[in-house]
Every structure is written in structure tokens, then in C-alpha cells.
Amino acid sequence: GFVAMGAILVTQLPKMKDGLQQIIVPGAQELTLEPGTHTVFLETRSVVDGRAYAVDDVPGLQIRVEGADGASVVLTDPSGSSTYSLGGREGRSVSEFRIERAGTYRVGADYGEGGGPQAVIAVGQDFVGGLLISIFSSLGAVFAGVGLTTGLLIWIYISRHRTNVAH
């Protein structure tokens with residue numbers, strides 16, 4: 001059970017990190033996105049191209065998302081508070097948006113008229129859901145292993161007890 005848990009976590013957690021597309025801000029990047037809800041995270045600790053970024057807060061940072069046609073996509077507060085710490089990256093949800101069509105979207109952020117520190121935002125689709133599935137799958141593997149081991153021990157005990165009674 002614990003080996004299966006380790007295998008699930010070792011194989012799935014790195015994929016979770018790869019599912020987050022990083023953008024250095026102020027700045028913007030073209031992202032290919034699938035339909036659905038996407039969460040924008042502020043990475044409070046991050047490394048991009050060998051450079052470390054660390055921020056605790058980014059007052060005045062304005063995130064924006066535009067479709068290929070230049071139309072703005074509506075951003076809302078995240079539906080829940082999500083945080084992560086994976087592979088030297090730490091982040092917290094700051095916004096989310098929903099798109100109806102797959103395509104290329106320009107995602108970026110700046111400080112408007114004021115200035116602010118360089119930081120990293122990351123965009124992911126169903127990141128927290130995928131993380132929870134990985135965690136619960138690994139816990140399920142542990143409980144299944146414990147259940148099988150317990151069942152096997154009971155079977156061995158009963159088998160030996162019957163053998164001793166027969167003699």
C-alpha cells in the first residue's frame with residue numbers, strides 16, 4: 001500500500017507542476033488553453049529559467065486575459081482559496097476565468113501607472129482537482145494495502161487454527 005502510494009505521488013506530482021504555465025510579470029504570454037475554468041496563481045516562491053523570484057504580496061498587480069480577437073475575458077475572484085508547494089514552487093490562487101472555446105489567449109499582468117516587483121503568475125486548469133485526485137488515490141492505495149494485509153493475516157490465522165484443531 002505504501003509503495004503504491006509512493007509510486008502514485010512520485011509519478012503524479014511532477015505532472016501537476018508541469019500543468020501550471022508560468023508567466024513573468026509585468027509582462028504577458030500567449031497560452032493555448034482548453035475550454036473550462038482556469039485558475040491564476042501568484043507564485044510567491046518560484047524559479048523560471050534559472051532565476052529565483054520571491055514575493056509575499058503584489059499590491060496593484062492587474063491581471064488580464066484576452067482572446068485571439070482582442071476581446072477581454074472576465075476575471076473573477078477564485079471560487080476557493082488554493083495554495084500549493086511543489087518542487088521549489090509555492091503559490092496561491094488570486095483569480096480565475098472561464099473560456100468557452102479552445103484557442104490562444106494572451107495572459108499577463110502589470111501594475112498600471114505604478115510600479116512593482118517582478119513576480120511569477122501561473123495559469124492552470126483544474127489544478128487543485130488533479131492534486132486532490134492524486135492525494136486521494138495514494139491514500140486509497142494505502143488503505144487497500146492495509147485491508148489486503150489484514151485480510152491475509154486473518155486468513156493465515158484461521159487456516160493455522162483449523163489445521164491445529166484437526167490434529
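This is a short chat about the chain shown above and one of its strands.

Reader: Before anything else, where does this model come from, and what secondary structure does the chain have?
Author: The model is predicted, and its chain holds two helices and 10 strands.

Reader: In what order do the elements run from the N terminus on?
Author: The chain opens with a helix, continues through the strands one after another, and ends with a helix, so that by the definition of these elements the order reads α-β-β-β-β-β-β-β-β-β-β-α.

Reader: Let's take β10 then; is that strand mostly covered or mostly open?
Author: Strand β10, which spans residues 119-125, is mostly covered, with six of its seven residues buried.

Reader: And which sense does its pairing with β1 have, parallel or antiparallel?
Author: The two are antiparallel, with five bridges between β10 and strand β1, the latter being residues 21-25. Within that pairing, Val25 has Ala119 of β10 as its bridge partner.

Reader: How many bridges join β3 to β10?
Author: Six bridges join them, again in an antiparallel arrangement, and strand β3 covers residues 36-48. As one example from β3 and β10, Thr39 has Gly124 as its bridge partner.

Reader: Switching to the whole chain, what share of the residues is buried?
Author: Of the 167 residues in the chain, 31% count as buried.

Reader: What about the accessible surface, and how much of it belongs to carbon and sulfur?
Author: The accessible surface of the chain comes to about 10,000 Å², and carbon and sulfur atoms account for 57% of that.

Reader: Last one: what share of the contacts joins residues at least 24 apart?
Author: Counting contacts in the chain between residues at least 6 apart in sequence, 78% join residues at least 24 apart.

Definitions and conventions:
Residues are numbered from 1 along each chain as its sequence is written. This is a predicted model: local features need pLDDT of at least 70, side-chain atom pairs count only at pLDDT 80 or more; totals for chains, interfaces and linings use all residues. Side-chain values use heavy atoms; hydrogens and water are left out. Helices (H or I, at least four residues) and strands (E, at least two) are DSSP runs, numbered from the N terminus. Buried means under 20% relative accessible area, exposed over 50%, partly exposed in between (1.4 Å probe, protein chains only). Contact means heavy atoms within 4.5 Å. Accessible areas come from the Shrake-Rupley method with a 1.4 Å probe; for residues, only the protein chains shown count as cover. Two strands pair if DSSP finds at least two bridges between them.
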